[in-house]
2 protein chains.
Amino acid sequence: MEWCRIDQDTANALKEKLPVEEEMQDLAEFIRVFGDPTRLGILFYLREKPLCVHDLSLLTGMQQTAISHQLKVLRQMRLVRYYKEGRMAIYSLNDSHISQILDIGLKHSAEEVRND
Amino acid sequence: MEWCRIDQDTANALKEKLPVEEEMQDLAEFIRVFGDPTRLGILFYLREKPLCVHDLSLLTGMQQTAISHQLKVLRQMRLVRYYKEGRMAIYSLNDSHISQILDIGLKHSAEEVRND
DNA sequence: ATTATATATGAATATATATTCATATGTTCA
DNA sequence: TGAACATATGAATATATATTCATATATAAT
């Protein structure tokens, strides 16, 4: 390989420090779940309070089926869990770790507003 | 509106706490930049050392044009900057804030490995 | 029992976006 | 000056994914 500004040893050392390809793929996939406004909305609402699908639909202004589909994604990524209460499904965040990640998002969001 | 488990006042209070729709859109867009393995790779490498396009291409194993396109995205989102050195373009992270966000990603990545 | 309600899901559609290909621009070196 | 190199970019292609529509299932209410 012909490097421009680094040599082979430096290249190897850099590669050692990074997550391997599969980890990178998994990390990107995990992050991508937060990269959709509908899912972000759902997560932010659930951060405040456990909610049923119908109420999430009204709060976000999205159709019930859209919410159900996104909840399925969030379930598969283990970001949310739910239990049944009669005919309703009550969703909540899976753990506080998720809530912390959302906090970082809110913080960044606030900073953006300040900087523009 | 007909709520299932909350009343109108609770709904209003919840909505007050959340970022408005446009902020949510912007935040999702910002997060999405990190949700791609190629861009993540570029960012992680630049976190270690400023690098030219060619070396980034070799390090990531991606074609030069793919890297250039993604660098353009990262530039537009102001995550990276560059200067010209002869015919080369040397890219680096725009500020330490970005580096901190990547740290969180790495931490999560490590936790995933532990949990599986 | 029949009707209304809450949710889930497969299929279709629309849209976003990552990569490649072809090629242009500018720089270095012989 | 001409050839090789580094980078950027528009267009084409491929692929992922968000939403809607139609509909199924299960529970509650009358």
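Strand S2 (residues 80-85) and strand S3 of chain B pair in the antiparallel sense over 6 bridges. The model described here is a predicted one.

## The sheet of chain B

Within the pairing of S2(B) with S3(B), B:Val80 has B:Leu93 as its bridge partner. The two strands form a hairpin with 2 residues between them. B:Gly86 lies in the turn of this hairpin, and its phi is positive, about 65°.

S3(B) also pairs with strand S1 (residues 51-52) of chain B, again in the antiparallel sense, here over 2 bridges. Opposite B:Leu51 stands B:Tyr91 of S3(B). Strand S3 of chain B covers residues 88-93, and 5 of these 6 residues are buried, so the strand is largely enclosed by the rest of the structure.

## The sheet of chain A

In chain A, 3 strands form an open sheet with antiparallel pairing, in the order S1-S3-S2. Strand S1 (51-52) and S2 of chain A stand at the edges; each has a single partner strand, so one side of each is left without a neighbour in the sheet. S2(A) and S3(A) are joined by 6 bridges in the antiparallel sense. A:Tyr82 has A:Tyr91 in S3(A) as its bridge partner.

## Aromatic pairs

Over all chains, the whole structure has 4 aromatic pairs. One of them is formed by A:Phe30 and A:Phe34, whose ring centres are 5.4 Å apart; their planes are at 70°, so the pair is edge-to-face. A:Phe30 and A:Phe34 are both buried.

Another pair involves the bridge partners A:Tyr82 and A:Tyr91. Their ring centres are 4.9 Å apart and their planes are at 15°, so this pair is stacked. A:Tyr82 has a relative accessibility of 41% and therefore counts as partly exposed. A:Tyr91, at 4% relative accessibility, counts as buried.

## Surface near DNA strand C

There are 26 residues around DNA strand C, and those that come nearest are A:His54, A:Thr65, A:Tyr91, B:Arg32 and B:Arg39. Of the atoms of DNA strand C that come within 4 Å of the protein, 65% belong to sugar and phosphate. By residue class, the surface near the strand divides into 8 nonpolar, 11 polar and 7 charged residues.

Three contacts of side chains with DNA strand C are listed below.

| Residue | Atom of DNA strand C | Distance |
|---|---|---|
| A:Arg87, polar side-chain atom | base oxygen | 3.3 Å |
| B:Thr38, polar side-chain atom | phosphate oxygen | 2.9 Å |
| B:Gln70, side-chain N or O atom | phosphate oxygen | 3.2 Å |

Several elements give two or more residues to this surface: from chain A, helix H4 (53-60), helix H5 (64-76) and strand S3 (88-93), and from chain B, helix H3 (37-48) and helix H5 (64-76). H5(A) provides the largest share, with 6 residues.

## Cysteines

Over all chains, the structure holds 0 disulfides. The cysteine sulfur closest to that of A:Cys4 belongs to B:Cys52; at 3.8 Å, it is too far for a bond. For B:Cys4, the closest cysteine sulfur is in A:Cys52, and the distance of 3.8 Å is again too far for a bond. A:Cys4 has a relative accessible area of 38% and is partly exposed. B:Cys4 is partly exposed as well, with a relative accessible area of 39%.

## Positive phi outside glycine

A:Arg78 has a positive phi, near 60°, and is a residue other than glycine. A:Arg78 sits in the loop between H5 and strand S2 (80-85) of chain A. With a relative accessible area of 65%, A:Arg78 is exposed.

In chain B, B:Arg78 has a positive phi of about 60°, although it is not a glycine. The loop between H5 and S2 of chain B contains B:Arg78. This arginine is exposed, its relative accessible area being 63%.

How values were computed: Residues are numbered from 1 along each chain as its sequence is written. Chains are lettered from A and ligands numbered from 1 in the order in which they are written. This is a predicted model: local features need pLDDT of at least 70, side-chain atom pairs count only at pLDDT 80 or more; totals for chains, interfaces and linings use all residues. Side-chain values use heavy atoms; hydrogens and water are left out. A residue is near a molecule or strand if one of its heavy atoms lies within 4 Å of it. A polar contact is a pair of N or O atoms within 3.5 Å; within protein, one must be able to donate a hydrogen and the other to accept it, and residues adjacent in sequence count only if both atoms are side-chain atoms. Helices (H or I, at least four residues) and strands (E, at least two) are DSSP runs, numbered from the N terminus. Ala, Val, Leu, Ile, Met, Phe, Trp, Tyr, Cys and Pro count as nonpolar, Asp, Glu, Lys and Arg as charged, and the others, Gly among them, as polar. Rings of Phe, Tyr and Trp (its six-membered ring) pair if their centres lie within 6.5 Å; planes under 30 degrees apart count as stacked, over 60 as edge-to-face and the rest as tilted. Buried means under 20% relative accessible area, exposed over 50%, partly exposed in between (1.4 Å probe, protein chains only). Two strands pair if DSSP finds at least two bridges between them. A disulfide is a pair of cysteine sulfur atoms within 2.5 Å.
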